[in-house]
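Student: I'd like to learn how to read a structure like this one. Could you walk me through it, feature by feature?

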Amino acid sequence: MYDLVVKGGRIATAADLYEADIAVRGGRIVAIGEDLGRGERTIDARGRLITPGGIDAHAHIEQISSTGVWTADDWFTATRSAACGGTTVVVPFAAQHKGDSLTAVVADYHARATPKACIDYAFHLIVSDPRPEILADELPQLIRAGYPSFKIYLTYDALKLNDREVLDVYAVARREGAFVMVHAENHDAIAWLAQKLLAAGHKAPKFHGVSRPQAVEREATHRAITLAELVDQPILIVHVSGAEAFEQIRWAQQRGLKIYAETCPQYLFLSAEDLDQPGIEGAKCMCSPPPREKANQPAVWRAIAAGVAQIVSSDHAPYRFGDADGKQKALQDFKKVPNGVPGLELRLPLLFSEGVGKGRIDIHQFVAVTSTNPARLYGLSPKKGSIAVGADADLVLWDPNKQVTVRHEMLHDAMDYTPYEGMELTGWPVETLCRGVTVAKDMEFVGEAGFGQFHKRGLTDLARPAGRFPTGFNPQDGSYRG
Ligand code: DUC
Ligand code: ZN
Ligand code: ZN
């Protein structure tokens, strides 16, 4: 007897599209086939498209920003909202600030997540203080304990690493088989431009974009890649915003380097014009890197379609518009505004409607960039990221024809706005199951705080180094093969 049979849906994976029943026992898929009969519970999925649960591999949840402001969403509201948008796994960041013990940061993050998470989760780390004991002890121990990926920053006063520190952390990652995610913007160039802009009285949100042009992202992307090449370390450039950074990534990929890329809905649907609105309205769309001019958006779609970007994440970083320490800081100047936009709940509906629905990507590419690829890159597969016998029964049932006008009041986060207000979407995740349990249905949350399970991750082949150093010098063991 099965616990659950999902009957007659059209199953879409990164490779296939076919009609079949899915049988679930103990939270796992135990059979996929024709006429599997009934389970203790049966879902009639005729007319529904079924995709693997979304994996949002870049979200800031219950985290303090580089300027000391808490995100509006905690573990409960963030994962509730994610579930309603078809996401069944989130991978946010246990974030080290200077002076912190990484191990203590991870323990604290577990204490926050355990009672509140409504869907499954894993943690990336943020390494902002790679002092000797962190590199020698804490980071390797954590990599081996199930946290084999971490983010580093090339910008933000409180977080940025210099090039030498980047090489140090790459070298540790290489030795341990870990994967490095890089926020690539040139810090000094941004600081210099911002200072000049503010001195000249240019304080409005639109100048946030002016202070962070594509050139600063392009340069830092190239630098992050070049440093990775020297150490033979695979990396992923996060939240790539525009054509210029993608050119660098494509260049590196064509040279055979293991360089991966992620982009986000804000670079597909928002633009520099959205930053340039009356008053401080533009602050609602302020994130870093900033949304580029509208003419840039097709280049981001092309990067996804051509496989130059392997992952689309939300980079959910929620700061309320009405809060004095949130987007209202724009009343002072753009530099004081916490960076980030919300996106956990709308990531999948936006990409489904505007990507699959409008023929920019196909359903297999959609599944790949929103679920299968993050699972493979970050060590969550084969449990997560596909619909297959043995995998967790993380399933999204879509009504591919449902028409929805986006309104913030229908979302389930703790925010007071969405930057996508008023967009007309076709196709909606009408039921989300995590390990065979329905956590969201008909646009409402029906899950439970504390249901989410932590997933310890292993190393992945995709993060394995190529095995050659461009100079012949192996900085790990000191050997030289000229
Ligand atoms: N930029 C980041 O680097 N992180 C959070 C959000 C943002 O805009
Ligand atoms: Zn970032
Ligand atoms: Zn981020």
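Student: Where is the place of Pro-382?
Tutor: Pro-382 sits in the loop between helix 13 (363-377) and strand 15 (395-405). Helices here are DSSP runs of H or I with at least four residues, strands are runs of E with at least two, and both are numbered from the N terminus. Keep in mind that this is a predicted model: local features need pLDDT of at least 70, side-chain atom pairs count only at pLDDT 80 or more, and totals for chains, interfaces and linings use all residues. Residues are numbered from 1 along each chain as its sequence is written, chains are lettered from A and ligands numbered from 1 in the order in which they are written, and side-chain values use heavy atoms, with hydrogens and water left out.

Student: Is the peptide bond from Ser-381 to Pro-382 cis or trans?
Tutor: Most peptide bonds are trans, and most residues other than glycine have a negative phi. The bond from Ser-381 to Pro-382 is cis, with omega near 10°. A cis bond also joins Ser-288 and Pro-289, with omega about -5°. Pro-289 lies in the loop between helix 10 (272-275) and helix 11 (297-305).

Student: And phi? Which value does His-239 have?
Tutor: His-239 is not a glycine, yet its phi is positive, about 35°. Asp-315 has a positive phi too, near 50°. Hold on to both names, since they come back at the metals.

Student: Which atoms hold the zinc ion (ligand 2)?
Tutor: Look for donors, meaning N, O and S atoms within 2.8 Å of the metal (3.2 Å for Na, K and Ca); water is not among the atoms, so sites may look incomplete. For the zinc ion (ligand 2), the protein donors are Lys-151 (NZ), His-183 (ND1) and His-239 (NE2), at 2.1 to 2.2 Å. Along the chain, they follow the spacing K-x31-H-x55-H. His-183 in strand 11 (residues 179-183) and His-239 in the loop between strand 12 (235-237) and helix 8 (243-254) are 56 residues apart, so this pair links distant parts of the chain.

Student: Why is the arrangement around the zinc ion (ligand 2) called irregular?
Tutor: Ideal angles at a metal are 109.5 degrees for four tetrahedral donors, and 90 or 180 degrees for six octahedral ones. Four donors count as tetrahedral if all angles lie between 85 and 135 degrees; four count as square planar and six as octahedral if opposite donors are over 155 degrees apart and all others between 65 and 115; anything else is irregular. Here the four donor atoms subtend angles of 79 to 135°, so the arrangement is irregular.

Student: How far apart are the zinc ion (ligand 3) and the zinc ion (ligand 2)?
Tutor: They are 3.5 Å apart. The zinc ion (ligand 3) is coordinated by His-58 (NE2), His-60 (NE2) and Asp-315 (OD), at 2.0 to 2.2 Å. His-58 belongs to strand 6 (residues 54-59), while Asp-315 is in the loop between strand 14 (311-312) and helix 12 (347-356), 257 residues along the chain from His-58.

Student: Are His-58 and Asp-315 buried or exposed?
Tutor: Buried means under 20% relative accessible area, exposed over 50%, and partly exposed in between (1.4 Å probe, protein chains only). His-58 is buried, at 0%, and Asp-315 is buried, at 8%. At the zinc ion (ligand 2), His-183 is buried at 1%, and His-239 is buried at 1%.
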